[in-house]
Each structure stands twice: as structure tokens, then as C-alpha cells.
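Biologist: Hi! Could you walk me through this one while I have it open?

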Amino acid sequence: MTTARLLPGGPVAEQILAEVARGVAGLRAAGVVPALATVLVGDDEASVGYIRIKQRQATELGFAAPHVRLPASASQADVHAVLADFNADAGVHGVLLQYPIPAGLDYDRALQVLDPDADVDGMHPVNMGRLALGLPGPLPCTPAAIEALLAFHGVPVAGREVVILGRGATLGRPLAMLLAQKRSTANAAVTVVHTGVADWPRYTRRAEILVAAAGVPGIVRPEHVRPGAVVVGGGVRYAGRRLLPDVDPSCDRVAGAITPRVGGVGPVTVAMLFRNALRAAVGRSRAEVDQQGAVVGDGGAGGGYGGDRR
Ligand SMILES: NC(=O)c1ccc[n+]([C@@H]2O[C@H](COP(=O)([O-])OP(=O)(O)OC[C@H]3O[C@@H](n4cnc5c(N)ncnc54)[C@H](OP(=O)(O)O)[C@@H]3O)[C@@H](O)[C@H]2O)c1
């Protein structure tokens, strides 16, 4: 029997997307058509589907959505050339290089070609550096999604003990930096555990907020959770189309609040991509958005990109 309060991502994503739609409409009214470009290399079936969904959603939100698809036989230089073209195109504001790219190509090297201000995934090394320093810039989507999800559901984070299982570049590491920042929705005592900490349950059992970020199905079990704790399932693995979350469903019985197996962090992550795209467009077009995402005029130097960082 589930006793934990559910923390769904759907309403959080809806709120963010509504703000993005308002911001896009404001930019369009100011004569700027925000554009989110996507690049897909190869024929990975899941990636083809993801890109299609993102393009459709971008168009629905009012973005232009130019797309380049390269064959699996493309060279590293071909990928770099497409990204460099988008960097140079003043009509393109955000760029997404769909992960993964075919074996033999280096995703991280390609990412470094991208203009960091156009990096809607927030994964460019410059953006990781900005995050570490608390400077404005696109935030990595999943960590930003988790902070937003907790804030939306009124889960206090400031001053509390957060334990993150996993130190990966996509989730655990940037989330630790984000939640340790001095801001009312963060400001936590953050601990990160991983395979180097053999007795990691000792840490997770004392967490007031436990974030699973390992990508190991079922790794978090009830005996790893402090009774009444908030449990956030970030890590997932896919077996074909089947989603296998890190958090075992039986944790529902111990946790005080928990993200649902499906429809938790995922939809908010996608919404963050579009928020980054809007901010990239605002930054490049030198307009400004207010806290609700509405465009409030010409901001002059740079615009309000990533302005809620601190
Ligand atoms: N929900 C979403 O929207 C979303 C979006 C993006 C990513 N994700 C998911 O987030 C997860 C993390 O991705 P990532 O790229 O940040 O991480 P990653 O590079 O896959 O690293 C996984 C981390 O988990 C740790 N780990 C793995 N097995 C462990 C074990 N048995 N005991 C203790 N620690 C263990 C690893 O420790 P070591 O460092 O010691 O190896 C590593 O730090 C993935 O499942 C990914 O699918 C979810």
C-alpha cells in the first residue's frame, strides 16, 4: 500500500511550459522568432522518436525548429560543421545535439564546438563551469528539473540533508552544485555517494531528501530510505521502451513523499530544455523576460538569461 505523497512532474512541467509559451509570444510580438535547432546523427530508433516529440513541442510553443539529420556514416568533422553553421546563424538561438551519437563519434568533443550560450542541454563545459561559479547560463536540465519539482510541491530544501546516489555528469554532480547554492529553493547540506562509498546506505538512510541518480534499476530499496524522507527518482534505465527506475516501488511504504515511477522528473526535464531555449533567444535578441517568462522589453546588454541562478 502506498502511503507516500506523490510528487508528480506533470503540473510542474505545465507551469514552466506556460511561462515559456508566454515568453515566446512576447519575443514574437517584439519581432523575434525564437529558434531551437536540433541535430540528429544516425538512426537510433529511440532518438528519432525523441527528436520528433521535441520538434513538435517546440513548434507548439511557437519556436522555429530547424533540423539537420546526418547519416550514421557522418564524420566528426561533419557534426562539427553543422554545429558551427548553427553557431554562426543569428536566426538560431538554441541548439540541441541529440544524445547518443553513433559509436566512433565523440559526443563530448562535438558539444565543445557549440556556442555555450546556445547549449539548451546546459552540458557544455563552460556551462558546468558557470554552474560551479554561480554565474548565469543554461542550467543542466535534469538537475534544474529536480530543484523546480521540489519547489513546486513545497518540499523545503534549505538547511536540510540531501543525499544524492550517483556522481554522473548529467545528474548527480551538477545537482550537488545546484542544491548547495545560496538560494531559498536550494541551500542544502549535500552529500554525494557512489561506488567508491561501499557503505552508501549509511548516508542515504539519514537523508531527509534522497535523490537516486545511479541508473541502476531498483538500487534504492526501503531499507535505504529514512522513514518519512522525500525520495526523488532521477536515475532510469530503458529496456527497449520499458522504463526501469532506480527507486524500487516498495519505497512508497517508507517515504513521506516520492516521485511517481512515470511522470516524475522526466517531463520537467523536457520543460527545462525549452526554458533554456527561450532564455537563449532572449539573450541573443537582447530582450528581457520577467520571472513569469513574459518579455518585458529590450534589456540592452545580454538579457535576463539564467537570472534565477542565485
Ligand atoms: N529522469 C530524467 O529525465 C533523466 C535525464 C537524464 C539522465 N537521467 C538518468 O540519470 C542517471 C544518471 O546519469 P548520469 O549520466 O549523471 O550518471 P552516470 O554517468 O551513468 O553515473 C552513474 C553514477 O551512479 C553511481 N553508481 C552506479 N552504480 C552504483 C552502485 N551500485 N552503487 C553506488 N553508486 C553507483 C556511479 O558511481 P561511480 O561514479 O563510482 O561509477 C556514478 O556516479 C541515468 O540513469 C540517466 O538515465 C534521467
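Modeller: Happy to. The residues of the shell around the ligand divide into 10 nonpolar, 13 polar and 2 charged (Ala, Val, Leu, Ile, Met, Phe, Trp, Tyr, Cys and Pro count as nonpolar, Asp, Glu, Lys and Arg as charged, and the others, Gly among them, as polar). This is a predicted model: local features need pLDDT of at least 70, side-chain atom pairs count only at pLDDT 80 or more, and totals for chains, interfaces and linings use all residues. Residues are numbered from 1 along each chain as its sequence is written.

Biologist: Which residues are the closest to the ligand?

Modeller: Gly166, Gly168, Thr170, Thr195 and Gly215, out of 25 that surround the ligand; a residue is near if its C-beta atom, placed from the backbone, lies within 6 Å.

Biologist: And which element gives the largest share of that shell?

Modeller: H9, with 3 residues. Helix H9 (265-285) and strand S9 (236-239) each supply at least two. Helices (H or I, at least four residues) and strands (E, at least two) are DSSP runs, numbered from the N terminus.

Biologist: New topic: at what angle do H6 and H7 pack?

Modeller: Helix H6 (residues 141-152) and helix H7 (residues 172-179) pack at about 45°, with axes 8 Å apart. Axes are lines fitted to C-alpha atoms, for helices over the stretch in contact, and angles run from 0 to 180 degrees between N-to-C directions. H6 and H7 are therefore oblique to each other (under 35 degrees is roughly parallel, over 145 roughly antiparallel, 65 to 115 roughly perpendicular, the rest oblique).

Biologist: Which residues make that contact?

Modeller: Pro143, Ala144, Ile146 and Glu147 of H6, and Pro174, Leu175, Leu178 and Leu179 of H7, with contact meaning C-beta atoms, placed from the backbone, within 7 Å. By class, that is 7 nonpolar, no polar and 1 charged.

Terms used: Two residues are in contact if their C-beta atoms, placed from the backbone, lie within 7 Å.
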